[in-house]
Amino acid sequence: ARSSQREMASWRAAGAALVLWHAFLYKVYVGHSLDHLSRRSGAVKSISGATGSLFEGKAVRRFAESERLGSSLNTSKCSKESSVDRGPSCRFWSVVTTIYAPSQSIWKQTALPEWCTVIVGDKKTPAPYVAWRPQDKNRVVYLSPADQEALEQTLPFIASVPWNHFGRKNIGYLFAIQHGAEVIWDFDDDNELKDSATPIFSAPKDKILARIPQLNSTVFNPYPSMGAQRFPFWPRGFPLLRIKDNDTSDVVMKEVEIESSTIGIWQSLADNDPDVDAVLRMTQNLPMQFASEDDRAVVVPRGVFSPYNAQATLIMKRAFWGALLPITVHGRVSDIWRGLSAQRLGWDIGISLAFLPPVVDQFRNAHNYLADMDSEADLYFKGEELLAFLSAWSSTAPLLPERIEDLWIQMYERTYVELQDVHLMQAWLHALTCSGYEFPVPT
C-alpha cells in the first residue's frame, strides 16, 4: 500500500511539474518571445486571448515542379570521380562526428576487430586528431575539415552540408557506403559501448524471437515496456500531448518469430543518461538504468511510429537511403525528423524499426537544459502534426527515390524542413546512385 501511495505521489508530482512546465513554455514562447516562436514554428499569429495558436501543418508554399528529379536518376549522369578511393573496405562501419578530443566511446569503437570507423571532423574539432592505436589505424579514417574540402571537388554532395552542424555525419554515411558497408553503426561520441558489447545484434540470423506491442495508437513509447525506472518516461521526439495516454505505452506484447531481414533499423536504448527531451530532464531524476529481464527485440508494427535517434543505431543496408540527416533544423530535431520519415517510407518496402535493451551507457556531454529546450521547439510544437501527416501520406510512385523526394518536398511545403534540405536530399539520392547503391523496390 505504501509503495502504491509513493507511486501515486510520484505521478502527481510529475504531473504537477509538467503542468508548471507547460505554463513556463507558454510564458517563454508566447508571452516573452512571440517573434521567436513565429519564426520557429509558424504557430503564433496573435497575442490576444487566453491562449496561443497551434501549428497546423498545412501546405503554405510550393516546390517548383521543374526542380523535381522524378525518375531521372541514373548512373549516366555520374562523373568518374563520384566516389572516394581513400580508405579501407569493410562490411561493418561505424560513423561519428565530433567537436571534442577523442572520447572513451570513440576509443572503444575503433578498437573493435572487424569494424572500420570514419570520424567526420568539423571546424571546431581539435587538431591534430588521433583516436586509434597504431595497430588499428588501417581501420580508422579521420576526415579533417581540409580533407572534406578537398573531397568536394569529386563529391559535390559534401558541399551541400553546412559546417558546425550535426549533419556533417551525412558525409560519413556516404563514405561508409562507398567503402563496402553492409551495416552502419550510427553513434555519438558520448555513447559508450558496454564492456564486451558489440553493435551487431542479430544480423547473421535468419529468424529472431521478438515482441510486438498490440496498440490502439499510431505512436508507441517503448521505454516503459523495456524497464524504465521513472514514470512517466519517454524518448526525445515523443509528442508531449501523448505522455499520459496509456494506449501508447501500457500495452500487451505479442511474442513472434520474424525474419531479421525485415528489420531495417536497430535502436539500442542507453543506460545512465537515456535519450530524452529537456522537459523530462528538468522534471525527472537522472541517471537511470533500464531494468528489463527480457532481452528480446521490440518491433514497432506497421502503421505505428516511435522516435529513434542517431546516437546508438544500427542501420542495415536496405535502409541506407534513410540515413540522411536534415540540415535546416537543429541537431536535436534532425535525427527525429529523419527517423519518423524513414519509418513511413520503410512501410512501403517492408522494413521495420526494432528497439533493444541498452548496449551503451551515455555519459552526456555538458548541456544547458534551457538551451536544449529551445533547440527542441519543433519537436514540441510540430511533432504531433508531423505524425498525423506521415500517417496519412501515401505515394504511388513506382521507385523508392521518387517517393523519398515526394515526401521531403511535402515536408518542405508544410515547413518541417527548408528548401536547402530538399536540395540536399536530391544530392544524396544522386550520390547513392553514383555509388552503386541499389534502392529497395516498393511492394
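**Exercise 1. Thr415 and its loop**

Determine whether Thr415 is buried or exposed in this predicted model, and describe its backbone.

*Solution.*
Step 1. The relative accessible area of Thr415 is 19%. The cut-off for a buried residue is under 20%, so Thr415 counts as buried.
Step 2. Thr415 is not a glycine, yet its phi is positive, at about 65°.
Step 3. In the chain, Thr415 belongs to the loop between H11 and H12.

**Exercise 2. The helices on either side of that loop**

Classify the packing of H11 against H12 from the angle between their axes, and state which residues make the contact.

*Solution.*
Step 1. The axes of H11 and H12 (residues 419-434) come within 9 Å of each other and cross at roughly 170°.
Step 2. Angles over 145 degrees count as roughly antiparallel, so H11 is roughly antiparallel to H12.
Step 3. On the H11 side the contact is made by Pro401, Ile404, Glu405, Trp408, Ile409 and Tyr412; on the H12 side, by Leu419, Asp421, Val422, Met425, Gln426 and Leu429.
Step 4. Sorted by class, these residues comprise 9 nonpolar, 1 polar and 2 charged.

**Exercise 3. H8 and its two partners**

Describe how H8 packs against H11 and against H10, giving the angle class for each pair.

*Solution.*
Step 1. For H8 (residues 331-349) and H11 (residues 400-413), the axes come within 11 Å and the crossing angle is roughly 140°. H8 is therefore oblique to H11.
Step 2. The crossing of H8 and H11 is right-handed.
Step 3. H8 contributes Trp337, Ser341, Leu345, Asp348 and Ile349 to this contact, and H11 contributes Leu400, Arg403, Ile404, Leu407, Trp408 and Met411. The residues of the contact of H8 with H11 fall into 8 nonpolar, 1 polar and 2 charged.
Step 4. With H10 (residues 377-392), H8 packs at an angle of about 10°, and the axes lie 11 Å apart. H8 and H10 are therefore roughly parallel to each other.
Step 5. Here Arg332, Val333, Ile336, Trp337, Leu340, Ser341 and Arg344 of H8 meet Asp378, Leu379, Lys382, Gly383, Leu386, Leu387 and Leu390 of H10. The class count for the contact of H8 with H10 is 8 nonpolar, 2 polar and 4 charged.
Step 6. Trp337 and Ser341 of H8 occur in the contact with H11 and also in the contact with H10.

**Exercise 4. The surroundings of H6**

Decide how far H6 is enclosed by the rest of the structure, and describe the backbone just after H6.

*Solution.*
Step 1. H6 covers residues 169-178, and 10 of its 10 residues are buried. H6 is therefore largely enclosed by the rest of the structure.
Step 2. The buried residues of H6 include Lys169, Asn170 and Gln178, as well as Ile171, Leu174 and Phe175.
Step 3. Just after H6, Gly180 adopts a positive phi of about 90°.

**Exercise 5. Cis peptide bonds and a nearby loop residue**

Locate the cis peptide bonds that precede Pro128 and Pro232, and characterise Ile243.

*Solution.*
Step 1. The bond between Ala127 and Pro128 is cis, with omega about -5°. Pro128 is placed in the loop between E2 (115-120) and E3 (140-143).
Step 2. The bond from Phe231 to Pro232 is also cis, with omega near -10°. Pro232 lies in the loop between E6 and E7.
Step 3. Ile243 is likewise in the loop between E6 (207-214) and E7 (252-259). Its relative accessibility is 11%, so Ile243 counts as buried.
Step 4. Ile243 and Phe231 are 12 residues apart along the chain, and their C-alpha atoms are separated by 10.0 Å.

**Exercise 6. Sequence separation and spatial separation**

Compare sequence and C-alpha separations for Tyr369 with Leu280 and for Ala101 with Asp189, then place them in the chain as a whole.

*Solution.*
Step 1. Tyr369 is in H9 (residues 369-375) and, at 31% relative accessibility, counts as partly exposed. Leu280 is 89 residues away along the chain, with a C-alpha separation of 9.9 Å.
Step 2. Leaving aside residues up to four places away in sequence, Tyr369 touches Ala278, Arg281, Met282 and Arg364.
Step 3. Ala101, in the loop between E1 (92-97) and H3 (104-110), is partly exposed at 48%. Ala101 and Asp189 are 88 residues apart in sequence and 9.5 Å apart, C-alpha to C-alpha.
Step 4. Across the chain, among contacts between residues at least 6 apart in sequence, 80% join residues at least 24 apart.

Conventions
Residues are numbered from 1 along each chain as its sequence is written. This is a predicted model: local features need pLDDT of at least 70, side-chain atom pairs count only at pLDDT 80 or more; totals for chains, interfaces and linings use all residues. Side-chain values use heavy atoms; hydrogens and water are left out. Axes are lines fitted to C-alpha atoms, for helices over the stretch in contact, and angles run from 0 to 180 degrees between N-to-C directions. Helices (H or I, at least four residues) and strands (E, at least two) are DSSP runs, numbered from the N terminus. Angles under 35 degrees count as roughly parallel, over 145 as roughly antiparallel, 65 to 115 as roughly perpendicular and the rest as oblique. A crossing is left-handed if the near helix is turned anticlockwise from the far one by less than a right angle, and right-handed if clockwise. Contact means heavy atoms within 4.5 Å. Ala, Val, Leu, Ile, Met, Phe, Trp, Tyr, Cys and Pro count as nonpolar, Asp, Glu, Lys and Arg as charged, and the others, Gly among them, as polar. Buried means under 20% relative accessible area, exposed over 50%, partly exposed in between (1.4 Å probe, protein chains only).
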